[in-house]
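Here are a few notes to help you find your way around this structure. Have the view open as you read, and take the points in any order you like.

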Amino acid sequence: MQNRLLSISEAARLLGVSIDTLRRWDTSGRLTSIRSGPRGHRFYKQSDIERFLQEIEAMARDWAESVNPVKPNPDVYCQTRDVFQARLETLQSKLSKIMSIETVSLIVAVAGEIGNNSFDHNLGNWPDIPGIFFSYAIRNRKVVLVDRGQGILTTLKRVRPELTNSRDAMKVAFTETISGRYPESRGNGLKFVKSIIVKNPLSLYFQTGNAQLYLKKKDDQLDIQQAATAIKGCFAVISFEELS
Amino acid sequence: MTIDLNKFGTTLVSRPAGKEAWLAYQPVLKEAPQNEKIIVDFSGVVVLTPSWADEFLTPLREKFRERVELINTDNPSIKATLEILNENR
């Protein structure tokens with residue numbers, strides 16, 4: 001089964017991209033096809049597709065940790081909020097074909113809140129590359145969102161100067177109504193994300209600075225750990241394996 | 001009067017979009033007859049987040065208070081958003 005050949009439309013569906021994107025990736029060598037049949041149609045090895053799906057998270061992490069970063073591939077890069085909104089709506093429409101509207105609503109709300117948080121808190125203050133890395137693998141039921149922004153500690157320190165580490169800052173962001181955008185009074189983004197994750201079969205991996213968090217259904221405590229490698233901004237992976 | 005939120009889109013997630021919706025709707029709100037209920041109809045909205053709602057629903061409720069009535073709020077992200085917003089009221 002592993003090396004079954006898939007048609008370009010099957011591969012596109014598994015990867016959540018268009019057929020045109022796959023043709024472009026083939027030309028650029030990013031994901032190569034096998035030409036077969038009298039008319040040279042493109043086919044893909046199932047193992048290549050599986051490997052590519054695993055790579056999305058690795059690519060995102062490379063970008064988050066990179067010391068000399070470059071702009072990510074245009075397919076996964078949202079430099080502005082408008083691009084993010086359009087791609088979020090595309091994700092919504094793709095998920096709607098395979099899941100109930102209730103489920104789609106939750107996944108897109110969590111992704112939308114995390115992605116927009118990156119723009120809200122870094123507008124005009126991006127340390128190097130502006131915008132976010134936004135990618136998803138519908139087959140693997142994962143959405144990845146990364147920014148190279150200032151991170152939660154720097155943002156919240158403006159209103160909570162007593163915060164000294166990412167761990168405490170992350171805890172505040174996930175449990176209290178607070179905004180780093182003083183004098184705006186509201187800031188519920190990550191608290192909202194937490195309220196959805198703990199009540200539904202969704203899980204979240206979130207890292208900012210050197211603090212990381214795994215959150216899943218029924219978690220009543222935040223289990224924040226020290227991450228192996230620190231990052232500047234925020235790195236989030238939303239998983240929804242059990243949802244249909 | 002009734003505000004059909006889906007006329008602002010089906011994916012209402014960002015703060016700037018919520019703020020823009022609020023500003024764009026001011027002329028209509030100015031014409032709302034006194035003492036008439038302001039019904040906010042969520043039908044057709046697929047995704048709502050607190051960021052968008054904070055910029056539209058929060059000022060709407062501050063301005064019209066008890067006159068605001070929310071209907072068709074069954075969708076899960078709408079429910080979760082309203083719960084968070086209500087906690088802070």
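1. A polar contact here is a pair of N or O atoms within 3.5 Å, where one must be able to donate a hydrogen and the other to accept it. Please keep in mind that this is a predicted model. Between chain B and chain A, 9 residue pairs are in polar contact, counting pairs with both residues at pLDDT 80 or more. On the side of chain B that touches chain A, the largest share, 8 residues, comes from α3(B).

2. Now for the interface as a whole. Chain B and chain A each bring 25 residues to the contact, and the area buried between them is about 2000 Å², with carbon and sulfur atoms giving 54%. In chain B, T11(B), R15(B) and I84(B) lose the most area to chain A, together 24% of what that side buries.

3. There are 2 salt bridges across this interface. You can look for E83(B) with K199(A), whose closest N and O atoms are 3.1 Å apart.

4. Helix α2(B) deserves a look too. Because 13 of its 15 residues are buried, α2(B) is largely enclosed by the rest of the structure. A kink of about 30° lies at F56(B), shortly before the proline P59(B). After the helix comes R65(B), with a positive phi near 45°.

5. Finally, the nonpolar interior. The largest core has 55 residues, and I114(A), F134(A), V143(A), L204(A) and F206(A) have the most contacts inside it. Helix α5 of chain A gives the largest share, 9 residues. Another core, of 29 residues, lies apart from it and includes I49(A) and W63(A).

Methods. Residues are numbered from 1 along each chain as its sequence is written. Chains are lettered from A and ligands numbered from 1 in the order in which they are written. This is a predicted model: local features need pLDDT of at least 70, side-chain atom pairs count only at pLDDT 80 or more; totals for chains, interfaces and linings use all residues. Side-chain values use heavy atoms; hydrogens and water are left out. The bend at a residue is the angle between axes fitted to the seven residues ending there and the seven starting there. Helices (H or I, at least four residues) and strands (E, at least two) are DSSP runs, numbered from the N terminus. Buried means under 20% relative accessible area, exposed over 50%, partly exposed in between (1.4 Å probe, protein chains only). A nonpolar core is a set of buried Ala, Val, Leu, Ile, Met, Phe, Trp, Tyr and Cys residues joined through side-chain atoms within 4.5 Å. Contact means heavy atoms within 4.5 Å. Buried area is the accessible area (1.4 Å probe) that two parts lose on being put together, summed over both. A salt bridge is a side-chain nitrogen of Lys or Arg within 4 Å of a carboxyl oxygen of Asp or Glu. A polar contact is a pair of N or O atoms within 3.5 Å; within protein, one must be able to donate a hydrogen and the other to accept it, and residues adjacent in sequence count only if both atoms are side-chain atoms.
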